[in-house]
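Reader: I would like to go through the spaces in this structure. Please give the criteria as we go.

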Amino acid sequence: MSSRIIPVLPFDYVVFGATGDLTSRKLIPALYHRFRDGQFDERSRVIGVSRTKWDDDKMRQVARESVLKYVPEEYRDDATIDLFVSCFSYIPNDVTDQDGWAELRAALRDDAGIVRAFYLAVAPSVFAPICNYLSQMDYARRDSRVVLEKPLGHDLESSIQINDAVARVFNEDQVYRIDHYLGKETVQNLLALRFANMLFEPIWNSAHIDHIQITVAESIGTGGRAYYDQSGALRDMVQNHLLQLLCLVAMEPPATSEANALRDEKLKVLRALKPIAEDDVARKTVRGQYVGVKSDTTSVPGYVEELADGGPSTTETFVAIKAEIENWRWQGVPFYLRTGKRMARQVSEIVVQFRSIPHSIFDHAEGRPRPNRMVIRLQPDEAVRLFLMIKDPGPGGMRLRQVPLNLSFAETFEARTPEAYERLLLDVIRGNQTLFMRRDELEAAWRWIDPIRHAWDDSADPVPGYTVGTWGPTGAIALIERDGRTWHEAHDDANPF
Ligand code: BG6
């Protein structure tokens with residue numbers, strides 16, 4: 001595959017929360033890859049800001065360690081790493097305190113040809129003070145950009161407060177709300193698949209599609225993260241990643257690929273989501289919490305055992321929802337969403353289940369034509385599989401069989417699949433908001449999520465457990481089987497029924 005590297009303008013990227021895990025695990029390795037590919041050079045600067053008393057040398061050492069740890073050896077060389085880490089500097093600054101801001105002022109270059117971006121990888125409670133200081137000290141120019149990391153609130157009300165605080169300083173066209181799923185190659189590929197092919201769009205509707213499944217299953221646990229216990233899978237995964245995937249699958253074709261054209265269409269989907277009323281929550285949603293196993297040969301802790309205080313906790317680590325979109329295209333087509341930690345395996349995929357053919361010309365002995373199914377595997381082993389009926393090759397008369405047309409990205413393309421943050425970090429510098437959530441999208445997503453959360457919070461029912469290494473609580477199976485359908489499990493690829 002040929003890749004096109006278009007250099008960006010030099011930048012000053014100020015990263016608040018630079019000592020955090022996200023910076024070393026995701027941001028630094030992503031920037032390294034872009035630097036190594038020549039997309040930016042040492043005229044650009046990354047200025048780390050945090051309360052911890054680091055200096056420039058310590059920041060560069062952390063950047064170097066992060067590259068050594070998270071970038072595969074084949075992409076590393078000393079000369080490139082030396083140049084790359086020379087872009088980094090550090091300013092110790094308690095962002096809620098006026099001192100320290102002057103030093104940042106001195107580090108920022110006023111040259112109009114240098115793009116200025118502020119990356120807020122900090123708790124949303126300090127978004128407002130940071131934005132206020134940036135404004136007071138006149139650091140936020142009209143062309144500056146601000147990048148917001150999740151969680152962007154814990155419900156509609158808190159997300160409005162966060163957005164209001166940011167909007168007092170930055171216009172919406174300067175705000176980049178990260179949902180890193182939008183930066184994933186295969187997620188962007190959904191747009192290509194749907195809108196760069198003639199094949200699918202005419203049948204992408206309720207006349208031809210029976211239902212859609214979106215699964216984001218993780219095999220890892222939460223590791224007792226305190227943040228997760230406040231949040232749970234509904235807020236952590238469904239409100240953002242799963243709903244964004246649903247939007248990309250369900251939206252009408254935008255007129256252009258311009259950011260607002262696309263975001264307008266996603267917003268229409270979110271607004272057309274049928275609200276799940278409180279008395280419907282038990283029927284249309286399932287939550288669960290993983291339970292550990294202990295035997296002579298295995299021992300995996302459950303969710304509460306991993307918590308520092310040992311629980312108890314009613315936080316859900318699994319969610320399944322039957323979502324419906326009330327519009328012309330999707331009337332009567334359920335979207336089954338499912339996500340969880342410590343599930344049977346790590347797999348994210350979108351399954352488009354087509355309807356049965358209206359009439360079969362084949363007799364019973366020849367086999368029953370099975371409905372087509374398209375499986376878009378987002379990770380790992382990115383692929384698109386289209387299950388078709390064919391004649392079983394060879395003698396023996398007509399016998400029908402279902403086989404996948406398999407487009408495996410690893411087999412087809414030689415290039416490395418870039419990490420989501422590589423694309424997103426530089427889209428900020430390019431000023432391209434296409435893969436970022438607009439304020440109204442975020443708020444529409446919360447508006448749909450909040451009643452589910454409230455119903456769960458009000459419910460006296462215990463959170464069902466599911467054993468680690470399974471596909472979630474039995475209620476999730478019942479959710480879909482009640483409708484006469486089944487979940488497409490990853491290991492079923494050869495025989496999807
Ligand atoms: C994050 C969630 O947004 O996405 C994590 O906070 C989750 O809990 C992660 O593990 C999953 O991302 P990915 O890219 O590994 O699928």
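Reader: Which residues line the largest cavity?

Author: Tyr-13, Val-15, Ala-18, Thr-23, Leu-27, Ile-28, Leu-31, Val-46, Gly-48, Met-59, Phe-88 and Leu-425 line the largest cavity. This is a predicted model: local features need pLDDT of at least 70, side-chain atom pairs count only at pLDDT 80 or more, and totals for chains, interfaces and linings use all residues. Residues are numbered from 1 along each chain as its sequence is written, and side-chain values use heavy atoms, without hydrogens and water.

Reader: What makes a space a cavity, and what makes it a pocket?

Author: Both are found on a 1 Å grid over the protein atoms alone. In a cavity, a 1.4 Å probe fits but cannot get out. A pocket is an open set with protein on both sides within 12 Å along at least five of seven lines. Lining residues have an atom within 4 Å of a point. The space taken by the ligand is the largest pocket.

Reader: Why is the contact between Lys-184 and the ligand called polar?

Author: A polar contact is a pair of N or O atoms within 3.5 Å. An oxygen atom of the ligand is 2.6 Å from an N or O atom in the Lys-184 side chain, so the pair qualifies. For Lys-150, the distance to a ligand oxygen is 2.7 Å, so that pair qualifies too.

Reader: How many residues of each class make up the shell around the ligand?

Author: The shell has 2 nonpolar, 3 polar and 6 charged residues.

Methods:
A polar contact is a pair of N or O atoms within 3.5 Å; within protein, one must be able to donate a hydrogen and the other to accept it, and residues adjacent in sequence count only if both atoms are side-chain atoms. A molecule sits in a cavity or pocket if more than half of its atoms lie within 2 Å of its grid points. Ala, Val, Leu, Ile, Met, Phe, Trp, Tyr, Cys and Pro count as nonpolar, Asp, Glu, Lys and Arg as charged, and the others, Gly among them, as polar.
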